[in-house]
Amino acid sequence: MATSATAHAHAGPQGFIRKYIFSLDHKVIGIQYFFLALTAVFVGMFLSLLMRIHLIAPLASLPLVGEIKPETYLSLLTMHGTIMVFFVLTTAPQGGFGNYFLPIQIGAPDMAFPVLNMLSFWTTFVGFVVIIAAFFVQGGAPLHGWTGYPPLSAVQSAGPGEGLGADLWITSIAIFCLASLMGALNFLTTTLDMRAKGMTMMRMPLTVWSWFITAILGLLAFGVLLSAGILLLMDRNLGTSFYVPQIIVNGQIMLHKGGSPLLWQHLFWFFGHPEVYIAILPGMGVTSQILSTFSRKPIFGYKAMVYAMLAIGFFGFMVWGHHMFMSGMSPYSAFAFSLLTMCIGVPSAIKTFNWLGTMYKARIRFQTPMLYAIGFVSLFVSGGLSGPFLAQPVLDIQLHDTYFVVGHFHLIMGVAAIFGMFAATYYWFPKMFGRMMNESWGRIHFFITLIGTYAIFMPMHYLGMAGGTRRYSQYTEVAYLQKLMPIHQFMTYAAIITIAAQFIFVINLFWSMFKGPKASDNPWEATTLEWITATPPPHDNFGGVTPVVHNGPYEYGVPGAARDFVMQTDPPVASSGH
Amino acid sequence: MHDVAKHDDSKGQYFWVWGALLFLTAVEVWLGYRQVFEPVRMLQVLLLLSVIKSALIIGYFMHLKFEKAIMRWMLVISVTGCFVIMYFFFFPDADRVKPPPSGVGIGQKS
Amino acid sequence: MADATLQHNAAAAHGVAGEYEAPLFGAYSKKVGMWLFLASDSLTFGALLFAFSYNRIYTAWPTPFGKESIINATIMTACLLSSSLTMVMAVFAAQRHDSSKTRLWLLATMVFGTAFIVLHGMEWTHLIHEGLSLPAFPKPAGQLDTEYAKISKGVPQFAATFFGLTAMHMLHVTIGVIYLGVVALRKWFLPILGVIYIGAYFAIPADNVFHYAVHALLIGLIVSAVILFLKPKDYDAHDVEVSGLYWHFVDLVWMFIFPLVYLMSTKI
């Protein structure tokens with residue numbers, strides 16, 4: 001099933017603009033998403049650096065930004081959260097790698113709706129521009145946190161950034177919702193309709209499954225956030241009171257009356273909790289793929305993995321209330337939410353068990369993608385274990401709005417998902433850019449990042465248990481938190497080192513893009529469809545032929561086969577596995 | 001695999017559906033205008049009628065009745081599932097916007 | 001014929017030879033895509049309706065709509081239901097490859113849709129004139145101070161949910177009419193839409209909220225121009241059917257908004 005260079009069904013568009021800017025090719029769009037997310041992650045990381053420095057030196061005057069005032073600190077954390085969650089964690093794994101590899105892995109020539117795909121990227125781009133613009137308008141960026149709880153977010157006069165800045169913030173999110181909807185229905189339709197012959201649902205690679213389930217979550221969740229955002233915009237600009245009760249702001253009685261801030265929390269978290277899985281599921285898929293490839297063993301329990309992901313997606317919609325235990329909800333609701341949240345532990349544990357089972361007694365090739373996949377599992381476990389703590393209403397009331405929560409969600413949703421992205425980058429870079437990334441710099445990057453992230457986020461748990469509240473801009477003013485300052489200092493130094501190490505990655509990325517050694521078609525000896533085509537793939541992915549699939553996605557070490565791996569398009573083997 | 005053109009012969013059924021929808025609307029308006037039931041029962045009756053109407057629209061006009069079973073069930077279950085979940089958690093929680101009894105709190109000021 | 005189209009759905013779209021798995025939902029991609037969009041959009045509307053109910057459930061909700069409003073809303077409902085019927089006819093005509101009939105039925109659907117929008121707009125104007133308004137709406141000359149004005153001060157959620165829900169729905173109807181216009185007339189629809197936009201902008205006085213809302217037509221004009229530029233092809237039976245799905249969905253949403261917003265608030 002090698003690629004035949006002779007049979008090009010149709011050549012791609014020529015001209016620079018149609019080829020690289022307004023391209024309809026899912027591969028180009030995937031790379032566009034990837035670089036958008038890369039830009040966004042550096043913006044978000046820079047903001048977190050400013051915050052960390054401010055926390056240990058509140059009165060210092062920094063270059064470029066000057067002294068950080070408390071409201072600036074709140075703007076920084078709002079924008080850090082929003083940019084990271086929407087434009088990095090949602091954009092890169094799904095929009096970037098999903099766009100590039102979902103059609104190739106199912107043997108399709110492109111997405112089902114190429115024009116919609118292009119519109120979805122450019123809409124995301126507009127959303128990013130709008131949110132960056134919030135920094136530069138009068139009053140600066142909003143200060144209500146990425147969750148945007150009203151009344152703070154719903155009243156124009158509530159703070160310096162709550163004027164035009166907050167309008168831009170919510171507009172950007174609404175635009176992002178539209179873009180994600182377009183993306184999600186494209187992913188779903190492509191997976192449902194455009195699988196090559198033989199690529200049954202149960203032969204799809206787990207990455208495809210993870211993008212598929214993520215798209216279902218996005219489809220159902222972003223619509224709700226969209227209407228929540230519309231109502232918030234109405235409250236802010238048309239004077240309605242959906243979210244605002246009678247309230248006094250800066251000594252003035254507002255005209256609002258009778259609304260409920262909890263309504264926003266319900267609508268927001270109905271989106272917000274599935275969003276967590278939107279961020280992490282693609283990481284799970286990539287990790288499964290890489291662990292199997294580099295362990296040279298079939299994935300342990302393919303079907304269990306699929307059903308576990310489906311279960312995580314299913315339960316993800318029923319647990320949003322665990323973000324709201326502090327709101328004084330009915331104990332019966334709290335109990336139900338708590339129980340359902342605990343249920344998510346089961347499929348998560350199944351996945352972890354299967355990852356370990358895949359690596360058990362394997363001849364592992366410790367290359368950079370594999371290191372990152374193992375790092376993902378490690379972070380997933382250590383971040384996930386604090387989840388059941390927070391799922392208990394009793395403990396959550398103590399730990400809510402402390403650094404414990406910050407540590408928890410950064411480990412599991414932030415850094416674990418980013419490790420998934422790193423793994424994906426190191427794994428698929430040869431296919432995307434035709435060259436190999438530098439292996440030794442990759443390893444150095446991995447070890448600094450892994451140790452660095454643990455050094456940043458593990459102490460946060462202790463900080464939280466000691467009562468260290470989050471979102472305060474100056475802990476020096478609070479007597480009982482003074483003694484915790486050394487921990488903050490340690491975390492800041494760790495953050496500076498970790499952030500510095502990310503430049504190794506960027507330099508490696510760009511250097512390898514132009515100077516790295518040429519990659520072969522299948523450098524990792526993997527089995528899925530992207531590795532049968534040329535590197536980088538031609539415009540229609542398979543050079544005018546459509547592959548025919550005969551095997552499951554993870555046929556490694558099949559007895560009697562000529563090699564230790566059997567491509568999906570190889571003649572069928574009597575599989576011992578699933 | 002189903003062919004959309006096959007149902008061309010039974011064009012009459014769409015007129016029946018249209019008539020049924022208009023009739024149900026008339027019933028709704030009559031119920032609402034004459035205030036036949038007290039509000040909560042009225043809400044239940046109206047919502048029931050609306051669900052019947054939307055089922056007619058989805059099933060016949062939107063042709064879902066003639067699609068593959070898996071498509072029918074996947075779409076209907078995912079959307080109604082979300083609504084059911086929201087229903088079970090939103091409304092028990094909504095009583096918290098209830099104004100405090102006998103006018104304590106800020107409701108009384110101003 | 002349809003089987004073959006379904007089987008080679010992907011192949012036909014991209015000019016690539018080869019066999020594909022049968023689509024899981026047994027339908028062509030555009031239809032699946034539209035259904036998925038509608039699933040998502042029903043959650044958008046569902047969230048709005050839940051917000052409405054959440055605010056309403058323990059509030060002393062006013063019931064101001066008299067005979068006039070109810071009759072008007074009933075006529076609007078009948079318009080939408082009839083437009084669904086003409087849409088079904090358009091889909092049938094398109095499946096018979098009868099393009100002139102298709103166009104006529106689509107135009108009939110658009111007429112019903114436009115009638116709905118106009119009736120609704122007049123209803124809004126009437127209510128705003130009577131005093132039911134949001135703080136940010138322009139104050140029309142000679143705005144009355146009737147029961148509605150008391151309501152919009154006493155229970156601000158009433159006006160907010162009324163205008164919010166119906167505006168969202170009206171936006172969907174407008175998008176639907178533009179969508180059908182593009183399917184029916186393609187690029188010839190753009191000048192018509194442009195004329196309607198400019199005409200409506202100058203015909204509606206500046207103290208009416210629609211003087212500003214009409215800019216939605218401009219955005220629709222730009223978006224449909226971009227789409228027609230990107231895909232300047234003829235629309236086939238599939239496209240008509242998919243646009244029909246959207247149109248029926250808009251109809252369906254109104255079947256919930258009408259009883260919840262109007263009939264649950266009729267005057268005793």
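The following conversation examines how several descriptions of this predicted model are justified.

Colleague: What makes up chain C, in helices and strands?

Modeller: Chain C has eleven helices and zero strands. Read from the N terminus, the order of its elements is therefore α-α-α-α-α-α-α-α-α-α-α, since runs of helix and of strand are what is numbered. Along the principal axes, the C-alpha atoms of chain C fill a box of roughly 70 × 40 × 25 Å.

Colleague: Why are α3(C) and α11(C) called roughly parallel?

Modeller: The two helices pack at an angle of about 15 degrees, and their axes are 10 Å apart. Angles under 35 degrees count as roughly parallel, so α3(C) is roughly parallel to α11(C). The crossing of α3(C) and α11(C) is right-handed.

Colleague: Which residues of α3(C) and α11(C) meet?

Modeller: From α3(C) they include Trp35(C), Leu38(C), Phe45(C) and Phe52(C), and from α11(C) they include Leu245(C), Tyr246(C), Phe249(C) and Phe256(C). Charged residues also take part, among them Lys30(C), Lys31(C) and Asp41(C) in α3(C) and Glu241(C) in α11(C). By class, the contact of α3(C) with α11(C) holds 13 nonpolar, one polar and four charged residues.

Colleague: What makes His238(C) in α11(C) a polar residue rather than a charged one in that count?

Modeller: The charged class holds Asp, Glu, Lys and Arg, and His is not in the nonpolar class either, so His238(C) counts as polar.

Colleague: How many residues does chain C use to touch chain A, and which element gives the largest share?

Modeller: In that contact, 39 residues of chain C meet 48 residues of chain A. The elements of chain C that give two or more residues are α2 (9–14), α3 and α7 (156–185). The largest share, 15 residues, comes from α3(C). By class, this side of chain C has 23 nonpolar, twelve polar and four charged residues.

Colleague: Which elements of chain C serve the contact with chain B?

Modeller: That contact takes 39 residues from chain C and 43 residues from chain B. Two or more residues each come from α1 (2–7), α3 (29–56), α4 (67–95) and α11 (237–262) of chain C. The largest share, ten residues, is given by α4(C). The side of chain C that touches chain B divides into 26 nonpolar, ten polar and three charged residues.

Colleague: Into which domains is chain A divided?

Modeller: The assignment gives domain 1 (26–259), domain 2 (286–514) and domain 3 (517–578) of chain A. The centres of domain 1 and domain 3 of chain A, taken over C-alpha atoms, are separated by 36 Å.

Colleague: How do you know that domain 1 and domain 3 of chain A are in contact?

Modeller: Residues count as in contact if their C-beta atoms lie within 7 Å, and the contact takes 14 residues from domain 1 and 14 residues from domain 3 of chain A. On the domain 1 side, helix α4 (residues 91–106) of chain A gives the largest share, four residues. That side has eight nonpolar, three polar and three charged residues.

Colleague: What makes Arg296(A) worth a remark?

Modeller: Its phi is near 55 degrees, a positive value in a residue other than glycine. Most residues other than glycine have a negative phi, and most peptide bonds are trans. Arg296(A) lies in the loop between α8 (261–295) and α9 (302–316) of chain A.

Colleague: Which peptide bonds of chain A are described as cis?

Modeller: One of them runs from Pro150(A) to Pro151(A), with omega near 5 degrees. Pro151(A) is placed in the loop between α5 (114–133) and α6 (164–193) of chain A. Another runs from Thr535(A) to Pro536(A), with omega near -15 degrees. Pro536(A) is in the loop between α15 (485–515) and β5 (555–556) of chain A.

Colleague: What is the predictor's confidence in chain B?

Modeller: Chain B averages a pLDDT of 79, and 78% of the residues score at least 70. Among its elements, helix α1 (residues 12–34) of chain B has the highest mean pLDDT, 91, and helix α3 (residues 69–94) of chain B the lowest, 86. The pLDDT is below 50 over residues 1–6 of chain B, and stays under 50 over residues 103–110 of chain B.

Conventions. Residues numbered from 1 in each chain as written. Chains lettered and ligands numbered in written order. Predicted model: local features only at pLDDT ≥ 70, side-chain atom pairs only at ≥ 80, totals over all residues. Domains from an automatic or database assignment. Contact = placed C-beta atoms within 7 Å. Axes fitted to C-alpha atoms, helices over the stretch in contact; angles between N-to-C directions. Parallel < 35°, antiparallel > 145°, perpendicular 65-115°, else oblique. Left-handed = near helix turned anticlockwise from the far one by under 90°. pLDDT = per-residue confidence, 0-100.
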